[in-house]
Amino acid sequence: MKMEQSQDKESSVKEDQEVIYSDQSTMYKRTSSVDKTHTNHDEEKLGLCNGRAMTFLVLWYFFSFCTLFLNKYILTTLKGDPTLLGTMQMVMTTICGFIQMFLPCGLYVSVKREGKPPHFLRNMTLVGCTRFTTVFLGLVALKFVAVSFTETVKSSAPIFTVLIAWVLLRERTGIYVMLSLIPIMGGLALCSAYELSFNIEGFLAALGTNITECLQNVYSKMLISGEKFKYTPAELQFYTSVASVTIQIPTGYFLMDFSYVKRTLTSTMATALVMNGVFFHFQSITAYALMGFISPVTHSVANTVKRAMLIWLSVIVFGNPVTFLSGLGTVIVTVGVFLYNRAREYDQIKREMAIAYKNGTREELTA
């Protein structure tokens, strides 16, 4: 009897130990998954203070200016066709995106895939359609209204990004961050508020471009920062470009003036179109790479600052006239960005304090 009791005790102790070990392994697995999540959140907390994020921001601004310069050169100096320009940009992003899937060039960490993720075709088609719609409506807006009017409408991008991020990502934006967006949006509106020419078709096209671009950025952020499956910037660039080109080429067939294109298509034009497409590819892929480090709202704010900077660069390079409103708007945007950064820091501290308070309350209840 004593032997049986001792054996029972030993077996019960072993079972208890197995339960403890299994619980510890479960806790380890949970902790490791949480640590990975925390790593991603920590990178986003650092935001533009992260060295790689700042590098991608500078590259994004640089390639955006190169694309803008060649857009102006092709459309104004060489008298190129806008539809051909938009189509070539998407064709080149498809080709360059395919190459960069095998040559990351330091923009992302290469990942081996065993298969396609769930809803792959739906996601790529949706982002591809928004990219096509953004380009198409941008060309329509260019036809009816001045570029300055389109940029003024696009100054409302941060508020649309806040709304779309709340709907898709359940990302809540604090009241102070919301208030700091007002001077940023107003400043860009002042920077571009010259030679405004209102037209209902142009206004609707510019507004549609703004909304689809915000939707594209937020949805792309969701795909790049997914918990179960993360797309690399090159994958997102290539597959969405394929979807966009599939729609854009047949659409361009009806919109393009082929006789005019044939007259203006010289070796200089062809070279400029290819170079413009390469710059547009790097502009897009550096924007995707940056999305992995910052929130959609911060990305939208950075995009607003980029537009204000491009207006001043166009003044320097193209000799566009400087107005009092442009200078005032730039100052207001700068102040707005400063307030936005302070507001984000304040919201982050409040969020961490709320989490610490909840954790402390739980510990008291379990004690």
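Colleague: What makes two rings an aromatic pair here, and how many are there?

Modeller: Rings of Phe, Tyr and Trp (its six-membered ring) pair if their centres lie within 6.5 Å; planes under 30 degrees apart are stacked, over 60 edge-to-face, and the rest tilted. By that rule there are 14 aromatic pairs. Keep in mind that this is a predicted model, where local features need pLDDT of at least 70, side-chain atom pairs count only at pLDDT 80 or more, and totals for chains, interfaces and linings use all residues. Residues are numbered from 1 along each chain as its sequence is written, and side-chain values use heavy atoms, without hydrogens and water.

Colleague: Why is the pair of F63 and F279 called tilted?

Modeller: Their centres are 6.3 Å apart, within 6.5 Å, and the 35 degrees between the planes is neither under 30 nor over 60, so the pair is tilted. F63 belongs to helix α2 (residues 51-77) and F279 to helix α11 (residues 267-291), 216 residues apart. Helices here are DSSP runs of H or I, at least four residues, numbered from the N terminus.

Colleague: Why is F63 called buried?

Modeller: Buried means under 20% relative accessible area, exposed over 50%, partly exposed in between (1.4 Å probe, protein chains only). F63 has 12%, so it is buried. F279, at 21%, is therefore partly exposed.

Colleague: And what makes F120 and Y239 edge-to-face?

Modeller: Their planes stand at 85 degrees, which is over 60, and their centres are 4.9 Å apart, so the pair is edge-to-face. This pair links helix α4 (residues 120-144) with helix α9 (residues 233-255). Ring pairs also join F120 and Y239 with F98, F102, Y231 and F238 in a cluster.

Methods: Helices (H or I, at least four residues) and strands (E, at least two) are DSSP runs, numbered from the N terminus.
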